[in-house]
Amino acid sequence: MVTVVGLGFVGLTTALGLAEYGHTVYGVETDLDRLATIQSGRLPFLEPGLGDALERHLGGNFIPTAELREAVERSEIIFYCVGTPCGPDGQADLTVLFHAMERTLDVIADDTFRVLVVKSTVPPTTTEKRIVPFAAARGKNLGVANNPEFLREGRCWEDFIHADRIVLGVGDSLTEERLRALYKPSGVPIYAVSRNTAEFIKYLSNTVLACLISYANEMSLAADAIGDVDVAGAFRILHKDRRWQNGSIRDYFYPGCGYGGYCLPKDTSAFYAAARCAGFDSRILQEVIRTNEGMPEQTAARIIRAAGSSPEACIGILGLSFNPNSDDVRDTPSAKIIQALNEAGYCNILGYDPVAMAAFERQYDLAYRCAAGLEEVLEKADVLAITTAWREFAGLKTRTSKPIVDCRYMLA
């Protein structure tokens with residue numbers, strides 16, 4: 001029996017993935033609207049493959065509930081998949097995580113050995129120096145582990161079921177034994193490391209992606225300054241290097257509008273803050289963050305150059321989610337680009353996204369309007385800007401002669 005606390009992208013994928021392995025999984029969610037959606041057999045967000053898994057396991061191996069006590073009492077392993085957002089000082093805000101753990105410890109009333117697993121992303125030393133003492137002070141029979149996730153929104157189910165590695169941050173053999181048994185049906189290589197190492201691997205994974213994206217963006221700006229550089233062609237030829245072959249890492253080493261979404265912005269800031277607290281000032285990460293923060297303004301400047309000096313020009317923004325194959329608009333570069341255009345006096349903006357327009361309208365109060373479809377943007381916009389690399393936009397040059405600012409460098 002397993003409990004997963006928090007049914008967002010990571011939590012719901014984890015719960016259904018473990019159910020797919022044959023385990024009975026309680027999914028605990030405090031957002032009653034989200035819980036009702038899941039209990040009805042629907043996803044609260046777009047995620048390919050996850051809906052079919054929900055249909056297979058709802059009412060069987062997967063039990064979504066708001067009742068933490070019953071779930072914990074029946075479980076041997078409890079996963080925490082709650083948010084760790086970026087706080088005002090850049091540090092990871094662990095308030096929700098500790099609240100969830102405190103609620104769990106309050107309902108444990110027996111001596112059964114249970115493993116508490118932190119799947120939420122937390123900076124190195126968090127589990128060892130803060131969570132382990134916090135749990136130990138309650139006098140329960142517990143093992144504490146860190147099990148970072150390596151899921152990409154839009155590919156969460158694929159990444160869980162066909163994972164390339166499972167990392168277990170453990171401090172005792174019994175905890176390691178329980179978690180190895182849990183993941184054994186996956187057939188995926190399992191790496192047991194210290195809790196600090198597991199946390200570090202997660203940040204290493206995310207911050208290298210943040211570095212690659214910002215470096216590629218900076219090189220594209222340098223190419224613009226030099227002039228007569230085929231940026232897209234240059235990067236495509238760079239990828240011909242055999243060291244870039246047979247790996248999707250090259251998808252990140254490519255210029256765009258800056259990184260967005262939930263993980264990269266907060267995790268890069270949190271790791272930079274954690275390193276400073278440890279006495280080391282990571283200048284590269286500092287510059288990565290600075291470069292990313294400047295990309296929306298730089299991108300807006302490219303769009304304005306194409307639109308001309310008249311603020312009345314209609315600008316079509318193609319793509320509102322931060323990533324294709326996702327309806328997630330958290331910290332999306334498109335919102336920052338529109339804001340920069342608004343601040344420059346350009347408010348005649350027509351936005352379009354295949355799936356994320358409703359979510360974007362709910363989250364952002366900006367001077368723009370959503371189009372009824374791509375055809376409306378092609379008809380009414382004076383200039384088009386591709387801000388999310390949806391496949392739908394790949395053939396845009398064959399459909400219009402209007403100026404296109406390819407902010408994702410995806411057009412042939």
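This is a short selection tour of a predicted model, with stops at one helix, two glutamates and the cysteines.

**Stop 1: helix α1**

Select residues 9-20, which form helix α1. Measure between the end C-alpha atoms: they are 16 Å apart. That agrees with the 16 Å expected for 12 residues at 1.5 Å a residue.

Now show the surroundings. Of the 12 residues in α1, 10 are buried, so the helix is largely enclosed by the rest of the structure. Colour the buried positions: Phe-9, Gly-11, Leu-12, Thr-13, Thr-14, Ala-15, Leu-16, Gly-17, Leu-18 and Ala-19. Then step just past the helix to Gly-22. Its phi is positive, at about 105 degrees.

**Stop 2: Glu-29**

Select Glu-29, in the loop between β2 (25-28) and α2 (32-39). Which side chain of opposite charge is nearest to Glu-29? It is that of Arg-34, 4.8 Å away. A salt bridge needs a side-chain nitrogen within 4 Å of a carboxyl oxygen. Glu-29 has no salt bridge, yet it is buried.

Look next at the backbone. The side chain of Glu-29 reaches the backbone nitrogen of Asp-31 at 2.9 Å. Leaving out residues up to four places away in sequence, Glu-29 touches Gly-6, Leu-7, Gly-8, Arg-34, Leu-35, Thr-65 and Ala-66.

**Stop 3: Glu-153**

Move to the loop between β6 (142-146) and α7 (156-161), where Glu-153 sits. Glu-153 counts as buried because its relative accessibility is 13%, and the cut-off is under 20%.

Draw two distances from its side chain. One polar contact runs to the side chain of Ser-326, at 3.5 Å. Another, of 3.3 Å, joins Glu-153 to the side chain of Arg-330. Show the wider contact set too, again without residues up to four places away in sequence: Phe-9, Glu-47, Tyr-262, Phe-322, Asn-323, Ser-326, Asp-328 and Arg-330. Phe-9 also appeared among the buried residues of α1.

**Stop 4: the cysteines**

How many disulfides does a search of the whole structure find? Zero. Start with Cys-156, whose nearest cysteine sulfur, that of Cys-263, is 8.8 Å away. Cys-156 counts as buried, at 2% relative accessibility.

Finish at Cys-257. The nearest cysteine sulfur belongs to Cys-407, 4.6 Å away. A disulfide needs the sulfur atoms within 2.5 Å, and Cys-257 is in none. Cys-257 is buried as well, with a relative accessible area of 1%.

Key: Residues numbered from 1 in each chain as written. Predicted model: local features only at pLDDT ≥ 70, side-chain atom pairs only at ≥ 80, totals over all residues. Heavy atoms only, no water. Helix = DSSP H or I, 4+ residues; strand = E, 2+ residues; numbered from the N terminus. Buried < 20%, exposed > 50% of the residue type's maximum accessible area, 1.4 Å probe, protein only. Lys, Arg positive; Asp, Glu negative; His and termini not counted. Polar contact = N/O pair within 3.5 Å; in protein donor to acceptor, adjacent residues only side chain to side chain. Contact = heavy atoms within 4.5 Å. Expected span 1.5 Å × (residues − 1).
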